[in-house]
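Here is a note to read alongside the structure, written as numbered points. Please keep the sequence and the 3D view open while going through it.

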Amino acid sequence: MSGTTQPATLYPVPAEFASQARIGSRAAYDELVASAQADYPGYWAKHARDLLTWHKPFTKSLDESQAPFFKWFEDGELNASYNCLDRHVEAGLGDKVAIIFESDDGIVTKVTYKELLGRVSRLANALKTQGVQKGDRVVLYLPMSVDGVIAMQACARIGATHSVVFGGFSAQSLRDRIEDAGAVLVITADEQKRGGKNLPLKAIVDEAIALGGCDSVKQVLVVRRTGGSIPFVEGRDAWLEDVCAKESDVCAPEWVSAEHPLFLLYTSGSTGKPKGVQHSTGGYLLHATLTTQWTFDLRPDDVFWCTADIGWVTGHTYVTYGPLSCGGTQVVFEGVPTYPDAARFWRMIEAHKVSIFYTAPTAIRALIKAAETNADVHPRQFNLTSLRLLGTVGEPINPAAWEWYHREIGAGKCPIVDTFWQTETGGHMITPLPGAHALTPGSCTLPFPGIDAAVVDETGKEVPWGQGGVLVVRKPWPSMIRTIWNDPERFKKSYYPADYNGKYYLAGDGAIRDAETGYFTITGRIDDVLNVSGHRMGTMEIESALVSHPLVAEAAVVGRPDDLTGEAICAFVVLKRSRPTGDEAKQLATVLRNHVGTEIGPIAKPKDIRFGDNLPKTRSGKIMRRLLRVIAKGDAVTQDTSTLENPAILDQLAQSN
């Protein structure tokens, strides 16, 4: 992981933007960084007092006594829902629009802060009536909707810990998460609307529970989204609107410790079992609020739109919590960017006068392709002058896509915040502040003030600028992962490994700093986790799904670069019978793709499946995945293969595409 960066192409901060920005110069950024370095706990404590409303003020900022299980503001008490809703209503903003919801079929609904507070309170009361108590886990398997935001806020209001499962995950994946969390209740919908289709949700919940291991679930509440006919289990299932209709729209918030688990969010690991990332209430909410204000430069009159689903951490931090904690107005969108055509995003920006737009590089690349082949869906056909800031999330954005985004969507005047962060970090870690940083396409620039990020070698020593290494964070920060649910040893092994003296948070990504500017560029994952369209999946999880098919004896999964999704899944498969060729191989590849989709979800389907008589292994039986990555990319294997037991297999796999 070494090399040198190319000379940086810098786009200066537009003077008009800088003059009105919250952080309006590089000097202002440097001053914040210096402040954090001078008194790290005090820096975060000041922001926590200034930005959050506390029921009981904290007296201690950082507790490092049980490192790496760090605690922030532990003796303070607050409520996330109160900070997102009540305090704005009490401040006279009850009639301000909190959410502009556009459904898949184009119907628009606006919800004010006062209305949102009432709906959250009704559901919170309903959950208490159902027996949900502080500390209980509630799994949400919902469409991208106002109902999803309400369900998350209602859990936070009563001190229940929510765990959102993306609506594209399979019954088996849902079952695994329900079981691991020990959820007492599931909130779902009859169906979801996506791309003009009605897709099942409640039926998948039924299937997941029927698989066994979900005995902790006592009730299932169902949002009536499409009105589809679905079976109900007597005594367990109920329509959410029916149970809420009986409840008051006033619910006093449950005050919890700042360290109280706000949510669990499962992310794939390099071993097969998904990891339940546990986040606190106070530290997480602080970073969600502060990054929304600084990274997006959010103002009271902005219309903010983050296109992420609430099933991912981006939808947690920059839909459900950050914008609402800041009292902002945001767009929530149910559908996909290509339905009814690939101009959907541009049409919505024009209609809702969106001023801040935050989406994934995968979406941008897909829309570039559509615009270049169909002039009718090109962004130039729409009035996008309301935009003043653009952002990207989920994976590094390639420079060509950055340039197009800047030119065609931002008209050359909108800064782009290319944000690096993870499920485990809770919010932005390395990102431009749009009023302070000149921009380089493809670089996430510099750490957010208060984040001590560095690029180190395998011994934990910082490497010179211009030389690649491993990305670490050297000091704890408030929104960091607290532990892996029910698995503290896995937490330490995954994020504070002994290789780095157990002191540094290991991000799992490679990085390089520009030799002149010091700007960070993320170079890719260093472990066996793939990043497909911004979604992280463990190779072991996909391999396990493939091997569960009765015809498959062995499988190895690697990633390869892909122009559209950033990284594509490539599977090398050995069958329990002879290796198929020609049409038979194509047919069987389709069968296995669909099998993976059923086991995990459509996002996990391999793009390439190659069949071989065996896999390249060392004499000790270790699969040489680094060689498979070379083959997947279409490159010639030039590395030393003398340790392989069966080097001839490389030629067979290379020709099997």
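1. Strands here are DSSP runs of E with at least two residues, numbered from the N terminus. With that in mind, and remembering that this is a predicted model, a good place to begin is lysine 193, which is found in strand β9, covering residues 191-194. Lysine 193 is buried but has no salt bridge, and aspartate 105, the nearest side chain of opposite charge, is 4.4 Å away. A salt bridge is counted when a side-chain nitrogen of Lys or Arg is within 4 Å of a carboxyl oxygen of Asp or Glu. Leaving aside neighbours within four places in sequence, lysine 193 is in contact with Asp104, Asp105, Asn198, Arg225, Thr226 and Glu334.

2. Two residues from that contact list, Arg225 and Glu334, deserve a point of their own. The side chains of glutamate 334 and arginine 225 meet in a salt bridge, at 2.8 Å from N to O. This pair links distant parts of the chain, 109 residues apart, with glutamate 334 in the loop between β17 (329-333) and α12 (344-352) and arginine 225 in the loop between β11 (219-223) and β12 (237-239). Glutamate 334 counts as buried because its relative accessible area is 3%, where the cut-off for buried is under 20%.

3. The structure holds 34 salt bridges, and another of them is formed by glutamate 408 with arginine 380, whose closest N and O atoms are 2.7 Å apart. Glutamate 408 lies in helix α14 (residues 399-409) and arginine 380 in the loop between α13 (361-373) and β19 (389-392), so the pair ties together parts that are 28 residues apart in sequence. Glutamate 408 is buried, with a relative accessible area of 10%, whereas arginine 380 is exposed, with a relative accessible area of 60%.

4. Which partner does arginine 560 meet in a salt bridge? The partner is aspartate 562, at 3.7 Å from N to O, and both arginine 560 and aspartate 562 are buried. Elsewhere, Lys202, Asp206, Arg236 and Asp237 are joined into one network by salt bridges that share partners.

5. The next topic is the nonpolar interior. In soluble globular proteins, nonpolar side chains tend to be buried together. The largest nonpolar core in this model has 160 residues, of which Trp44, Leu116, Leu123, Leu127, Ile187, Ile542 and Val573 touch the most other members. Helix α6 (residues 146-158) contributes the largest share of this core, 9 residues. Leucine 127, when residues up to four places away in sequence are not counted, touches Val132, Ala154, Cys155, Ile158, Leu185, Ile187 and Leu221. Apart from this core lies another, of 33 residues, including Val303, Phe345, Ala371 and Ile416.

6. Valine 303, one of the members of that other core, has its place in strand β16 (residues 303-306) and counts as buried because its relative accessibility is 12%. The C-alpha atoms of valine 303 and valine 354 are separated by 4.8 Å, although the two residues are 51 residues apart along the chain. Beyond residues up to four places away in sequence, valine 303 touches Ile100, Thr329, Val331, His352, Lys353, Val354, Ser355 and Ile356.

7. Helix α2 (residues 26-38) has 13 residues and reaches 18 Å from its first C-alpha to its last, close to the 18 Å expected at 1.5 Å a residue. Its buried residues are Tyr29, Leu32 and Ala36, and because they cover an arc of only 60 degrees around the axis, they are on the same side of α2. The face turned away from that buried side carries the exposed residues Ala27, Glu31, Gln37 and Ala38, while the buried residues of α2 pack against α3 (40-51) and α10 (282-294).

8. Helix α13 also invites a look: α13 has 13 residues and reaches 19 Å from its first C-alpha to its last, close to the 18 Å expected at 1.5 Å a residue. The buried residues of α13 are Pro361, Thr362, Ala363, Ile364, Arg365, Leu367, Ile368, Ala370 and Ala371, and they pack against α12, β18 (356-359), β19, α14 and β29 (566-575).

9. Finally, tyrosine 82 lies in helix α4 (residues 80-93) and counts as buried at 14% relative accessibility. Tyrosine 82 and alanine 156 are 74 residues apart along the chain, with their C-alpha atoms separated by 8.9 Å.

How values were computed: Residues numbered from 1 in each chain as written. Predicted model: local features only at pLDDT ≥ 70, side-chain atom pairs only at ≥ 80, totals over all residues. Heavy atoms only, no water. Helix = DSSP H or I, 4+ residues; strand = E, 2+ residues; numbered from the N terminus. Buried < 20%, exposed > 50% of the residue type's maximum accessible area, 1.4 Å probe, protein only. Contact = heavy atoms within 4.5 Å. Lys, Arg positive; Asp, Glu negative; His and termini not counted. Core = buried A, V, L, I, M, F, W, Y, C linked by side-chain atoms within 4.5 Å. Expected span 1.5 Å × (residues − 1). Arc of directions from axis to C-beta.
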